[in-house]
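Please open the model in your viewer and keep the sequence panel visible beside it. The stops below are meant to be followed in order, with one selection leading to the next.

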Amino acid sequence: MTVRLQTEGRVSEGTLLEIADVKTHFRTERGLVRAVDGVTFSLERGKALGIVGESGSGKTVLSRTIMGLLPSTAVLSGSVRFAGQEILGLDARQMRHLWGSEMSMVFQNPMVSLNPLMKIGKQIIEPLQIHLGMDKTNAVATAERLLRDVRIPEPEKRLGQFPHELSGGMRQRVMIAIALACGPTLLFADEPTTALDVTVQAQILELIGEQRKDRNMSVILVTHDLGVVAGHTDEIAVMYGGRLVEKAPTRELFANMKMPYTKSLMRSIPKLEDPSHTRLLTIPGRPPDLVNPPKGCRFAPRCAYAREKCVQHEPPLIVSDTSSEHFYACWYPVGSPEFEERDVEIMTNVGVGGSA
Ligand SMILES: Nc1ncnc2c1ncn2[C@@H]1O[C@H](COP(=O)(O)OP(=O)(O)OP(=O)(O)O)[C@@H](O)[C@H]1O
Ligand code: SF4
Ligand SMILES: [Mg+2]
């Protein structure tokens, strides 16, 4: 089903990214894997969007689709407009002028993305020379300023060091400096903090937020953890089984979440007072098989509120009664009489939070 959001056709001057009915399927021996299966949303300049969802829900594939970083087994359809230009399906040669200077990406593990054999300085200076045509002196000065921007002490010294000489948090800052080097208008941060401890996580997210404001850059922050995005985004998009199942301004989502799945993600956030060894609560059951997804609501086999209608018919993405910017796909949303009735029953029987 084609989902129509209110933002479609209402291109404001501030819109940077518009995605309409994007499908990214992969040809495999088992058949077509519907990794992203009809996603529509738009993002304004300078705003931060969080994409959340369990492992395998399609967050990274969606980001890579927008960046044009997919293997040749990918079959694409729909539309991705970046600054008004259609970019879906452009090849690497055509995308190259956008990478770095228009969009860039910070990945989860800086040890994988940084070249271990190359000094930090060279890894920042080279893109500046190649993409922005800077001479060496200018590029070195810019690299030092970038390291200072991301709060790396003694930047002159760091430029001469190798990645293994830096702590995990410092390496992630270097990755951010590299991603920011050519002044992108859109930064993807794909699980940028999961490998870091909680204090450093918070600092890195603060840093991305500051840089966003200073540069009027848009940010897409990808994570499986709703708690991570809470204080660092303007809007949140929730993905499940390749579909966008809820999207709302951050405050509105936390106040009035509608999808039982979003609520389950919320329950899986660890509490500050939990001892560090406490396992994260997970949602019982498995994510859907993306080769043969369920025909109705994809969450139905795991949803405590599922009824016959959910199994038979896929719920469309509709606007919430609580905000015209809030969309969700559920027949029996949180807060509806049917939901409340079932919620009381389930909490009484199994306790809040599901199984660990
Ligand atoms: N090249 C590929 N070929 C076939 N299937 C793929 C390919 N890349 C990803 N997938 C599948 O697409 C689905 C979505 O993957 P994706 O990496 O986007 O998940 P994710 O939401 O980023 O998960 P995580 O939180 O673990 O990073 C998964 O089922 C994955 O196995
Ligand atoms: S549509 Fe039904 S199965 Fe799907 S999330 Fe809503 S209540 Fe649960
Ligand atoms: Mg991922």
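The tour goes from a sheet to a helix, then to a nonpolar core and a ligand site, in what is a predicted model.

**The sheet.** Begin by selecting the four strands that make up an open sheet, whose order is β2-β1-β4-β5 and whose pairing is antiparallel. The edges are taken by β2 (31-44) and β5 (85-86), and because each has a single partner strand, one side of each is left without a neighbour in the sheet. As a reminder while you look along the backbones, strands of a sheet pair through backbone hydrogen bonds, in either a parallel or an antiparallel sense.

**The hairpin.** Next, restrict the selection to β1 and β2, which form a hairpin with 2 residues between them and which pair in the antiparallel sense over 11 bridges. To check the register, pick T15 and find its bridge partner in β2, E44. Is β2 left open or enclosed by the rest of the structure? Of its 14 residues, 10 are buried, so β2 is largely enclosed despite its place at an edge of the sheet.

**The other side of β1.** Keep β1 (residues 15-28) and add β4 (residues 74-82); these two strands are joined by 8 bridges, again in the antiparallel sense. Here a useful pair to pick is F26 and A74, the latter being the bridge partner of F26 in β4.

**The helix across the sheet.** Now add α1, which lies across β1, β2 and β4 and runs at about 70° to β2. This helix, residues 59-67, is mostly covered, with 7 of its 9 residues buried; the buried positions are K59, T60, V61, L62, T65, I66 and M67. Just after α1, select G68, where phi is positive at about 75°.

**The core.** Moving on, the largest nonpolar core has 87 residues, and those with the most contacts inside it are I124, A177, V238 and V245. Helix α7 (residues 168-180) gives the most to this core, contributing 8 residues. Centre the view on V238 and, leaving aside neighbours within four places in sequence, you will find V238 in contact with V52, G53, V245, E246, K247, M259, Y261 and T262.

**Ligand 2.** Finally, select ligand 2 and the 14 residues around it, of which C297, C303, A306, C310 and C330 come nearest. Which classes make up the shell around ligand 2? Colouring by class shows 14 nonpolar residues, with no polar and no charged residues in the shell.

Conventions
Residues numbered from 1 in each chain as written. Chains lettered and ligands numbered in written order. Predicted model: local features only at pLDDT ≥ 70, side-chain atom pairs only at ≥ 80, totals over all residues. Near = placed C-beta within 6 Å. Nonpolar A, V, L, I, M, F, W, Y, C, P; charged D, E, K, R; others polar. Buried ≥ 20, exposed ≤ 12 C-beta atoms within 10 Å, placed from the backbone. Pairing = 2+ DSSP bridges. Contact = placed C-beta atoms within 7 Å. Axes fitted to C-alpha atoms, helices over the stretch in contact; angles between N-to-C directions. Core = buried A, V, L, I, M, F, W, Y, C linked by C-beta atoms within 7 Å.
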